[in-house]
Protein chains: 2
Amino acid sequence: MTNSRITIKDLAERLNLSISTISRALNDHPSIGKKTTKEVKKLARELGFTPNTMASNLRRNKTQSIGVIVPRIDIHFHSHVISGIEETAYRLGYNVTIFQSRDSLEREIAVTEILQAKRVEGVIACLGLETTDSRHFARFNEIKIPLVFYDRVSKDVESSKVIIDDFDAAFRATEHLINTGCRNIAHIAGNRNTDIFKARVKGYKAALLKHDLEANENLIQYTSELSYEEGATCAKKLLTVTPLPDGVFCANDNTAISAIQVFKKANLRIPEDIAVVGFSNYPISSIMEPTLTTIDDRAFEMGQTAAKLLIRQIEDKDQNIASETIVIKTDLIVRDSTNRNPKG
Amino acid sequence: MTNSRITIKDLAERLNLSISTISRALNDHPSIGKKTTKEVKKLARELGFTPNTMASNLRRNKTQSIGVIVPRIDIHFHSHVISGIEETAYRLGYNVTIFQSRDSLEREIAVTEILQAKRVEGVIACLGLETTDSRHFARFNEIKIPLVFYDRVSKDVESSKVIIDDFDAAFRATEHLINTGCRNIAHIAGNRNTDIFKARVKGYKAALLKHDLEANENLIQYTSELSYEEGATCAKKLLTVTPLPDGVFCANDNTAISAIQVFKKANLRIPEDIAVVGFSNYPISSIMEPTLTTIDDRAFEMGQTAAKLLIRQIEDKDQNIASETIVIKTDLIVRDSTNRNPKG
DNA sequence: ATATTTCACACAAACGTTTGCGTAAATATT
DNA sequence: AATATTTACGCAAACGTTTGTGTGAAATAT
């Protein structure tokens, strides 16, 4: 029986009140009588009135929405971050509009324009792989829209950041291998130009250093994108070095998995002959055989943190937005792939 | 040098033109002179003008945005569907605002209200597990907002749907087992109350029937949510039936994986002693050992299809929206877990 | 040369809210 | 009883666009 578009004007006419009174009543403004307020709300309910958010937004210059730019939604890590973002945004009364750059710089740029036009109140982003120059994000600073990056962050533009301590995580992963008795530890590394992967290499080296182990360069295998296939290639190369490594720290789970498979095919026992630790804690890591020791990257929590930080900045807008960098602690999840000599 | 808010009014003053001319120029309206149009656009660019979408939306009564409700974003299937939705929505000039119900009915209802207030132009949804009565979606019909469900669809409210043919997929999976030589085929099934899982059971039985194999009820193991753990339990039970099954069709990959692990521990060879096929084509299925034969659920394509369908309905709004159901064809991906007797 | 059409732009209303200010009536204060 | 205060509401402007209609001048046709 109800119909498409009913406005506060309609309510006003029905009740012989002014539209301003209706508006205030709906928003529980104290200057409107209790009785009137009740009546207005009652009629609104009966008529199935829902406020036109567009009009309200325009008037208040608010959208109650934040924009998110990710490389791809369907990547395990990002989908979990987004989930965390949506969860806390919803709680705090914001909704999230989502875009994927699909690792295209052009599209990433286009999306920043759209977000500006859309008047989102804040932006959360993770840079795409193509993006080396991220100055297109500067527009948000110019129009004072809070901006927080996660994971792959920008160094060209002032912004808040939520990251994990890749150095620390790699350090602990490597040290765990050492504690479990490994003395000749290899590393399958990510792209040499990417900060987070550089940090992981450093953490790996630092752990070796601390325990007086030599950081032999030919034990480090670099990949371009840490793919499953690259992992296998690296693992095969590692099989040719002498002495054979007795432990491998991989910069992600994909390469760890394929390395393990290569090692198994070469009749090496995991973890007795070679212990392996991965990075990210993909679902598969707790299911494969052997189960994989890995670093949990706290994706969901990262999303929550980013959203909380962003919204705080949105609502503190009067005071200057001070950029903030939050480092999330990671967990080392110890499983069978390193379970050989419980020492630490 | 540029600053926060510059409007077409500002442009008008600078150029001694009326705001209507500016508006039309920016939108390439033919009644504005070529030269003027150029000038307007030039100044707009220089001043870093971006149109206020809120105002435009209000005036045109358009939001160019669609709402998406999913149980959880971080589930592999849904993240891929969302990716497909975003991809085609972006292409067609819409953006997507996303909500997760987290399988809570209460929250699902709340979100439908928000979406109505937000004036999204269409809604794509997948019902949460708690949702048995989905009449809260009827509001979209009342206000003539196109609605399309995917996967878990509503039968309480008129709407378009995009689904996969679960019956057919299950039929083909089972028939594949038969073709590969299995004669005593078990099924690990999903929740008995869920349509899509009921359809899979039917497909399984139909395939047996077609090949004159008996559909023995104790070869069907029902689970409540197809979890990894439940899969193991079911597999162990299957080990106790005589004669031992020589093939298992599982209603998802999780249970297939844990079943395989149980079988391996029982010193059964996959696929020689028992062949296994899963459902969904999770990433792990191509990595595990043996690699898993499974049904690809076409999640990304499902998202694309849903978005295309929805947007078509949005833009066809004048004619009555005829509800439409699209069935997406699935693929059977044959891998090692059934590679034993290539016959068909 | 005049009449007609086309061109290029301006006016103003409208979209549905929110909100500062104003003002009667009701109540409280002397 | 007169004044001051509070209560409860209305008026009208504003948010930044889009768009139907109006209008002079230039271009074309007669």
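In this predicted model, 27 residues lie around DNA strand D, and those that come nearest are A:Ser20, A:Thr21, A:Gly33, B:Ser20 and B:Ala55. Two elements of chain A, helix 2 (19-26) and helix 4 (53-60), each give two or more residues to the surface near DNA strand D, as do helix 1 (8-15), helix 2 (19-26) and helix 4 of chain B. Helix 4 of chain B gives the most, with 5 residues.

DNA strand C is surrounded by 28 residues, of which A:Ser20, A:Ala55, B:Ser20, B:Thr21 and B:Gly33 are the closest. The elements that give two or more residues to the surface near DNA strand C are helix 1 (8-15), helix 2 and helix 4 of chain A, together with helix 2 and helix 4 of chain B.

The two chains also touch each other. This contact takes 41 residues from chain A and 40 residues from chain B. On the chain B side, helix 4 (53-60), helix 5 (76-91), strand 2 (95-100) and helix 6 (105-118) each supply at least two residues.

The table sets out the residue classes of these three surfaces.

| Surface | Nonpolar | Polar | Charged |
|---|---|---|---|
| Near DNA strand D | 9 residues | 12 residues | 6 residues |
| Near DNA strand C | 10 residues | 12 residues | 6 residues |
| Side of chain B that touches chain A | 18 residues | 15 residues | 7 residues |

Strands from the two chains are joined as well. Strands of a sheet pair through backbone hydrogen bonds, either parallel or antiparallel. Strand 2 (residues 95-100) of chain A pairs with strand 2 of chain B in the antiparallel sense, over 3 bridges. Within this pairing, A:Ile98 has B:Val96 as its bridge partner.

The open sheet contains 12 strands with mixed pairing, in the order 11(A)-5(A)-4(A)-3(A)-1(A)-2(A)-2(B)-1(B)-3(B)-4(B)-5(B)-11(B). Its edges are strand 11 (325-328) of chain A and strand 11 (325-328) of chain B, each of which pairs on one side only. From one strand to the next, the twist averages 20°.

A parallel pairing occurs within chain B, where strand 4 (residues 147-150) is joined to strand 5 (residues 160-164) by 3 bridges. Here B:Val148 stands opposite B:Ser160 of strand 5. Helix 12 (residues 299-315) of chain B packs on the sheet and touches strand 1 (65-70), strand 3 (122-125), strand 4, strand 5 and strand 11 of chain B. The direction of helix 12 of chain B makes about 155° with that of strand 3 of chain B.

Technical notes
Residues are numbered from 1 along each chain as its sequence is written. Chains are lettered from A and ligands numbered from 1 in the order in which they are written. This is a predicted model: local features need pLDDT of at least 70, side-chain atom pairs count only at pLDDT 80 or more; totals for chains, interfaces and linings use all residues. Two residues are in contact if their C-beta atoms, placed from the backbone, lie within 7 Å. Helices (H or I, at least four residues) and strands (E, at least two) are DSSP runs, numbered from the N terminus. Ala, Val, Leu, Ile, Met, Phe, Trp, Tyr, Cys and Pro count as nonpolar, Asp, Glu, Lys and Arg as charged, and the others, Gly among them, as polar. Two strands pair if DSSP finds at least two bridges between them. A residue is near a molecule or strand if its C-beta atom, placed from the backbone, lies within 6 Å of it. Axes are lines fitted to C-alpha atoms, for helices over the stretch in contact, and angles run from 0 to 180 degrees between N-to-C directions.
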